[in-house]
Amino acid sequence: MRATSDVVLNGPVYADVPKPVLVPGPLRRPVAVLVAVAAATFVGLALRYAGTSTAGGIDTRVDAVVDPLGSAHMWLIRHTAAIGSPPSVVVLALVLSVTCLLLGRRRLALLAVVGPGLTGLCTTLLKPALGRTFEGWYAFPSGHTGGATSLGLVVALLLISLLRPGPR
């Protein structure tokens, strides 16, 4: 690697330009804590709901909030759920990956494809192992939720890399 004072005949030296990172240094610890909390929550839910097919307390409370909204708001719920459907996740992951490449974020471009792909693989493999069903179909872990969440995380990381927020 050349020092910044080297004479370059074929172009400038970019040694002083920092490479974009997925998570800036000040945010690494909070992100690690968030990942640990998310993993513990998943394990807790998996232990609680494995092998069941009836609504739990959280499901019942969410239904109590959503049901009174009526059919006028159901289109929003259906379209929101469609973001996590496999065809939508594939298209959005590719669009997000190309966007990251155009913005010079190669690692995020890779994560935009690999993250949702691994999420889909994990949810597909874990569903039969956990055995939580809804109307005869495996329901946990949710592929729709996992797909939408994995895309949302890449969008958040892209925004963080572009906006470069301060330590807070």
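**Three helices and a pocket**

In this predicted model, helices α4 and α6 pack at an angle of about 10°, and their axes lie 10 Å apart. Since angles under 35 degrees count as roughly parallel, α4 and α6 are therefore roughly parallel to each other. Their crossing is left-handed. On the α4 side, the contact is made by V89, L92, A93, L96, T99 and C100, and these meet G147, A148, L151, V154, V155 and L158 of α6. Sorted by class, the contact of α4 with α6 comes out as ten nonpolar and two polar residues, with no charged ones.

Next comes the pairing of α4 with α5. Here the axes come within 7 Å and cross at roughly 170°. With angles over 145 degrees counted as roughly antiparallel, α4 and α5 are therefore roughly antiparallel to each other. From α4, the residues involved are V89, A93, L94, L96, S97, C100 and L101, while α5 brings in R106, L108, A109, A112, V113 and P116. This contact of α4 with α5 has eleven nonpolar residues, plus one polar and one charged.

That leaves α5 and α6. Helix α5 covers residues 106-130 and helix α6 covers residues 143-163; the two pack at an angle of about 160°, with 9 Å between their axes. So α5 and α6 are also an antiparallel pair, at least roughly, and their crossing is right-handed. The α5 part of the contact consists of L108, L111, A112, G115, P116, T119, T123 and K127, and the α6 part of G143, G146, G147, S150, L151, V154, L157, L158 and S161. Nonpolar and polar residues are on a par in the contact of α5 with α6, at eight each, and there is one charged residue.

The helices turn up again around a pocket. The second largest pocket holds about 260 Å³ of space. Its lining takes in 18 residues, of which P86, V89, V90, P116 and G120 are the closest to the centre. Helix α4 (86-102), α5 and α6 each supply at least two residues of this lining, but α5 gives the most, with eight. By class, the lining of the second largest pocket divides into seven nonpolar, ten polar and one charged residues.

Some residues play a part in several of these places. V89 of α4 belongs to the contact with α6 and to the contact with α5, and V89 is also among the residues closest to the pocket centre. Likewise, P116 of α5 appears in the contact with α4, in the contact with α6 and in that central group of the pocket lining.

Conventions
Residues numbered from 1 in each chain as written. Predicted model: local features only at pLDDT ≥ 70, side-chain atom pairs only at ≥ 80, totals over all residues. Heavy atoms only, no water. Axes fitted to C-alpha atoms, helices over the stretch in contact; angles between N-to-C directions. Helix = DSSP H or I, 4+ residues; strand = E, 2+ residues; numbered from the N terminus. Parallel < 35°, antiparallel > 145°, perpendicular 65-115°, else oblique. Left-handed = near helix turned anticlockwise from the far one by under 90°. Contact = heavy atoms within 4.5 Å. Nonpolar A, V, L, I, M, F, W, Y, C, P; charged D, E, K, R; others polar. 1 Å grid on protein atoms, 1.4 Å probe; cavity = no way out; pocket = protein on both sides within 12 Å on 5 of 7 lines; lining within 4 Å. Points joined across faces, edges and corners; volume = space filled by probe spheres on them.
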